Amino acid sequence: MTGQKDKPDTIAVAAGRMSEAHFGAVNTPVYRASTILYPDLATLKANAQPYTYGRRGTPSSRSFEEAICALEGGARTMVVPSGLNACAVAIMAVCGAGDHLLVTDTVYEPTRKFCDSVLARFGVETEYYAPDQDIAPLLRPNTKAVFCESPGSLTFEVQDIPAIAAAAHAKGVSVLLDNTWATPLLFAAIAHGVDLSIQAVTKYIGGHADVMLGTITANDSHAARLVHCHGHMGLFAGGDDTWLALRGLRTLPTRLKRHQQTALALIAWLQARPEVSRILYPALPSDPGHALWKRDFTGANGLFGVVFKPVPERALAAMVDGFSHFGIGYSWGGFESLVLPAHIKRTKTAFAAEGPLLRFHAGLEDVADLIADLERGFQRLKDHS
Ligand SMILES: *Cc1c(COP(=O)(O)O)cnc(C)c1O
């Protein structure tokens with residue numbers, strides 16, 4: 001369905017369709033299957049059919065994997081039950097007992113917890129590095145992988161992925177990237193030297209706050225390792241969820257543009273407020289990661305951090321609790337606006353905030369309604385200060 005030269009927006013619409021196999025239906029229907037029947041013993045013996053057993057993939061999971069793979073520009077994509085699981089499985093595909101793993105200090109906190117607990121128990125040593133650090137001197141003979149996340153969780157530091165990949169590959173070390181912020185549309189991970197690109201599909205790709213999934217996409221050199229690890233761990237994603245995720249993916253390019261547009265409008269309003277100290281968003285020229293973002297990314301999304309000047313806790317609570325459109329909750333990337341206080345836990349670097357840090361997600365509501373909501377919130381902040 002997709003031509004070599006199609007642009008990403010077109011690939012998002014066209015990739016992974018299997019209409020011929022489904023009586024012309026545009027969307028691959030939901031397949032619920034465990035046993036897949038074989039026509040005869042010879043086919044069984046040769047394992048000569050595309051689908052063999054539910055756990056090893058159905059048309060629902062393959063359609064979604066093919067679409068993500070086409071967008072990521074990889075060799076193979078595997079779908080897993082959550083974004084966190086995608087981080088864990090990507091690491092387990094390349095690391096084993098006695099190995100050393102480098103992980104950015106700005107990593108999503110549950111990924112850090114996986115490394116420090118389960119992974120440590122299996123004999124992998126994790127060392128954290130500053131997101132802008134030269135990793136070359138940190139590479140040891142037993143270093144197997146560098147795990148990146150760019151922009152970083154909560155504080156959005158942009159990493160120099162091509163430089164990290166060059167240093168790692170010179171020593172035969174794999175490069176893993178949690179590419180959730182950018183989605184495959186805003187940062188071409190594989191083309192920038194990443195070996196395994198991770199998506200928390202739960203966020204923008206699903207896009208409707210109703211599905212949890214993750215994907216890992218491998219380049220040629222890492223495809224076999226990924227497929228084996230995924231298969232031997234018994235991972236599977238159900239037909240309903242992969243169908244929802246693929247449905248979300250079709251409108252991702254349009255949604256992302258609107259999320260970015262609304263975020264920029266909210267940020268412009270927030271920057272003029274005396275209560276705000278600074279905004280964390282790489283698309284802003286004032287952001288420390290702006291030059292790298294501009295060089296490597298093709299856009300931004302609806303997620304940004306707001307560092308406030310010091311305010312009493314009760315004032316912040318009055319503001320946040322009273323919002324009509326910014327819901328308090330984890331995750332992001334759905335159609336709805338969200339707000340969450342961010343507590344930064346780092347071990348290698350320090351994040352010095354002047355006051356409280358709130359993470360906002362700009363949803364698809366009318367921007368005037370969102371600004372009016374913020375305006376009423378800042379009035380409450382003032383009233384309770
Ligand atoms: C949310 C998130 C994850 C985890 O995704 P889940 O589907 O919630 O497990 C991983 N990485 C990043 C950067 C995330 O924001």
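Here are four short exercises with worked solutions on this predicted model.

**Exercise 1. The seven-stranded sheet**

Task: work out which strands stand at the edges of the open sheet of seven strands.

Solution.
- Start with the strand order, which is S1-S7-S6-S5-S4-S2-S3, with mixed pairing.
- Next, look at the ends: strand S1 (76-80) and strand S3 (125-129) each have a single partner strand, so one side of each is left without a neighbour in the sheet.
- From one strand to the next, the twist averages 20°.
- Now zoom in on one pair: strand S6 (residues 196-200) and strand S7 (residues 214-218) run antiparallel and are joined by five bridges. In this pair, serine 197 is opposite threonine 217 of S7.
- Finally, add a helix. Helix H5 (residues 109-121) packs on the sheet and touches strand S2 (100-104), S3 and strand S4 (143-149). The direction of H5 makes about 150° with that of S3.

**Exercise 2. The ligand's surroundings**

Task: find which residues surround the ligand, then examine its contacts through oxygen atoms.

Solution.
- List the neighbours: Ser82, Gly83, Leu84, Tyr108, Glu149, Asp178, Thr180, Ala200, Thr202, Lys203, Met212 and Trp332 surround the ligand.
- Take the backbone: an N or O atom of leucine 84 there lies 2.8 Å from a ligand oxygen atom.
- Turn to side chains. Threonine 202 has a side-chain N or O atom 2.5 Å from an oxygen atom of the ligand, and for a polar side-chain atom of lysine 203 the distance to a ligand oxygen atom is 2.6 Å.
- Then consider burial: the ligand taken alone exposes 380 Å², and the protein buries 91% of that.

**Exercise 3. A helix pair**

Task: decide how helix H9 (residues 239-250) is oriented relative to helix H10 (residues 252-271).

Solution.
- Recall that two packed helices are described by the angle and the distance between their axes.
- Here the axes of H9 and H10 come within 5 Å and cross at roughly 60°. That angle makes H9 oblique to H10.
- To see the contact itself, find Gly248, Leu249 and Arg250 in H9, which meet Leu252, Pro253 and Arg255 in H10.

**Exercise 4. The five-stranded sheet**

Task: trace the open sheet of five strands and place helix H12 (residues 313-321) on it.

Solution.
- The order reads S8-S9-S12-S11-S10, and the pairing is mixed.
- Strand S8 (276-280) and strand S10 (327-328) are the edge strands, each pairing on one side only.
- Five bridges join strand S9 (residues 303-308) to strand S12 (residues 357-361), and these two run antiparallel. Valine 306 faces leucine 358 of S12 as its opposite residue.
- Helix H12 lies across S9, S10, strand S11 (338-341) and S12, at about 10° to S12.

Notes. Residues numbered from 1 in each chain as written. Predicted model: local features only at pLDDT ≥ 70, side-chain atom pairs only at ≥ 80, totals over all residues. Heavy atoms only, no water. Pairing = 2+ DSSP bridges. Helix = DSSP H or I, 4+ residues; strand = E, 2+ residues; numbered from the N terminus. Axes fitted to C-alpha atoms, helices over the stretch in contact; angles between N-to-C directions. Contact = heavy atoms within 4.5 Å. Near = heavy atom within 4 Å. Polar contact = N/O pair within 3.5 Å; in protein donor to acceptor, adjacent residues only side chain to side chain. Areas by Shrake-Rupley, 256 points an atom, 1.4 Å probe, with all protein chains shown as cover. Parallel < 35°, antiparallel > 145°, perpendicular 65-115°, else oblique.
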